[in-house]
Amino acid sequence: MPDAPRKLVLAAPRGYCAGVDRAVITVEKALESYGAPVYVRKQIVHNRHVVATLEERGAVFVDELDEVPEGALVVFSAHGVSPQVKDEARRRGLRTIDATCPLVTKVHNEARRFAKDGAQILLIGHAGHEEVEGTTGEAPADITLVSRPADVDGLELDPDRPVAWLSQTTLSIDETAETVQRLRASHPELVDPPSDDICYATTNRQQAVKQIAAHCDLVIVVGSKNSSNTLRLVDVALEAGAGAARRVDDADEIQDAWLDGVTEIGVTSGASVPERLVRGVVDLLRAKGWPAPVEEDLIEESLSFALPPQLRSRRTRSARER
């Protein structure tokens with residue numbers, strides 16, 4: 001019996017979202033406009049290749065502002081920062097450019113509004129993630145972190161105060177829905193955010209993976225291990241029926257053993273991943289005898305965000321083209 005024909009499928013959409021594109025361009029334009037070094041608090045986006053490329057151009061990544069010389073220029077990452085970080089920057093006389101994704105800023109605004117209204121805020125997200133730390137800083141006395149559905153059972157809330165929920169923008173859609181369902185079961189008057197906090201790009205990429213996973217023996221997800229949305233793509237692929245799902249930073253991490261007995265491979269990438277890394281995976285597979293990829297389109301994305309005001313007078317081509 002002849003072997004089944006091989007098939008290589010690309011999920012679409014994949015890769016850079018509008019917030020990542022904006023953040024990467026922000027650092028590039030800051031370097032062009034102000035010269036090196038430009039300091040960046042935390043990784044501008046969660047991808048080691050993007051960070052390394054910007055470092056080569058003169059960006060200096062730091063964990064905290066006390067590593068930045070007084071008077072220097074610092075960019076805040078796409079994940080957002082707390083008001084306390086912004087206050088520290090002002091006290092130290094640092095020049096700042098805020099590259100926070102507008103969709104993260106939206107969650108910050110919601111946290112402030114709910115706190116002003118006297119609500120207890122349940123923030124669904126991952127402990128230690130920069131986005132969660134930034135959002136929590138907007139109303140630290142009013143926010144309780146809920147990391148997974150099982151955490152709902154142990155919550156101790158004031159019965160005399162309203163309860164509202166928010167979420168990190170890069171979570172699993174299905175797991176977040178389960179958490180909210182459990183919250184609503186115990187708190188029927190739970191107040192929703194004005195609109196969904198999980199960003200359009202996270203949603204679209206998870207739906208695109210679901211579309212291909214059921215007929216793939218292997219799904220390769222390109223992205224770094226500290227990227228929340230990338231890790232969720234691996235989980236979603238497995239839950240949607242993929243035979244296996246593997247995360248790689250780049251093509252060099254693909255192991256031949258993964259391909260044994262495989263006839264259909266799906267490839268996608270997290271929202272912080274430049275397309276050149278996906279093309280590297282495709283090129284490697286083609287060199288191993290896999291056919292030209294077929295792209296399965298779910299939806300076309302056209303959203304873009306304006307650069308921070310300090311950089312709007314200058315134009316540049318999209319970072320996703322690099």
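This is a walk through a predicted model, from its sheets to its cavity and a few unusual backbone spots.

Start with the sheet of five strands. It is open, and its strands come in the order 10-9-11-1-12. The pairing is parallel. Strands of a sheet pair through backbone hydrogen bonds, and these can be arranged in parallel or antiparallel fashion. Here strand 10 (245–248) and strand 12 (294–297) stand at the edges. Each has a single partner strand, so one side of each is left without a neighbour in the sheet. Between neighbouring strands of this sheet the average turn is 25 degrees, direction ignored.

Now look inside that sheet. Strand 9 covers residues 218–222, and strand 11 covers residues 264–269. The two run parallel and are joined by five bridges. One position to find on screen is Val 222, which stands opposite Ser 269 in strand 11. Next, look for helix 8. Helix 8 lies across strand 9, strand 10 and strand 11. Its direction is at about 165 degrees to strand 10.

Move on to the sheet of three strands. This sheet is also open, with the order 7-6-8 and parallel pairing. Its edge strands are strand 7 (143–146) and strand 8 (163–167). Each of these pairs on one side only. Neighbouring strands in this sheet are turned against each other by 30 degrees on average, again with direction ignored.

Strand 6 spans residues 120–124. Five bridges link strand 6 to strand 8, and the two run parallel. Within that pairing, Leu 123 has Leu 166 of strand 8 as its bridge partner. Helix 4 packs on this sheet and touches strand 6, strand 7 and strand 8. The angle between the directions of helix 4 and strand 8 is about 170 degrees.

Helices also meet helices. The axes of helix 1 and helix 2 (residues 48–57) come within 11 Å. They cross at roughly 5 degrees. An angle under 35 degrees counts as roughly parallel, so helix 1 is roughly parallel to helix 2. Which residues make the contact? Helix 1 supplies Val 24, Val 27, Glu 28, Leu 31 and Glu 32. Helix 2 supplies Val 50, Leu 54 and Arg 57. By type, the residues of this contact divide into five nonpolar, no polar and three charged.

Next comes the empty space. Rolling a probe the size of a water molecule over the atoms shows where such space is left. The structure holds one cavity of 30 Å³ or more. The largest cavity has about 250 Å³ of space. It is lined by 23 residues. Closest to its centre are Cys 17, Val 20, His 79, Thr 169 and Thr 170.

Which elements give two or more residues to this lining? They are helix 1 (18–34), helix 4 (102–116) and helix 8 (228–239). Helix 1 provides the largest share, three residues. Helix 1 thus appears both in the cavity lining and in the contact with helix 2. Helix 4, which packs on the sheet in the order 7-6-8, is another contributor to the lining. Helix 8, the one across strand 9, strand 10 and strand 11, contributes as well. The lining residues divide into twelve nonpolar, ten polar and one charged.

Finish with the backbone. The peptide bond from Ala 12 to Pro 13 is cis, with omega near 5 degrees. Pro 13 sits in the loop between strand 1 (7–12) and helix 1. A second bond to check runs from Ala 36 to Pro 37: this peptide bond is cis too, with omega near 0 degrees. Pro 37 lies in the loop between helix 1 and strand 2 (38–41). Then comes Lys 42, in the loop between strand 2 and helix 2. Lys 42 is not a glycine, yet its phi is positive, at about 65 degrees.

Conventions:
Residues are numbered from 1 along each chain as its sequence is written. This is a predicted model: local features need pLDDT of at least 70, side-chain atom pairs count only at pLDDT 80 or more; totals for chains, interfaces and linings use all residues. Side-chain values use heavy atoms; hydrogens and water are left out. On a 1 Å grid over the protein atoms alone, a cavity is a set of points where a 1.4 Å probe fits but cannot get out, and a pocket is an open set with protein on both sides within 12 Å along at least five of seven lines; lining residues have an atom within 4 Å of a point. Grid points are joined across faces, edges and corners, and a volume is the space filled by probe spheres set on the points. Helices (H or I, at least four residues) and strands (E, at least two) are DSSP runs, numbered from the N terminus. Ala, Val, Leu, Ile, Met, Phe, Trp, Tyr, Cys and Pro count as nonpolar, Asp, Glu, Lys and Arg as charged, and the others, Gly among them, as polar. Two strands pair if DSSP finds at least two bridges between them. Axes are lines fitted to C-alpha atoms, for helices over the stretch in contact, and angles run from 0 to 180 degrees between N-to-C directions. Contact means heavy atoms within 4.5 Å. Angles under 35 degrees count as roughly parallel, over 145 as roughly antiparallel, 65 to 115 as roughly perpendicular and the rest as oblique.
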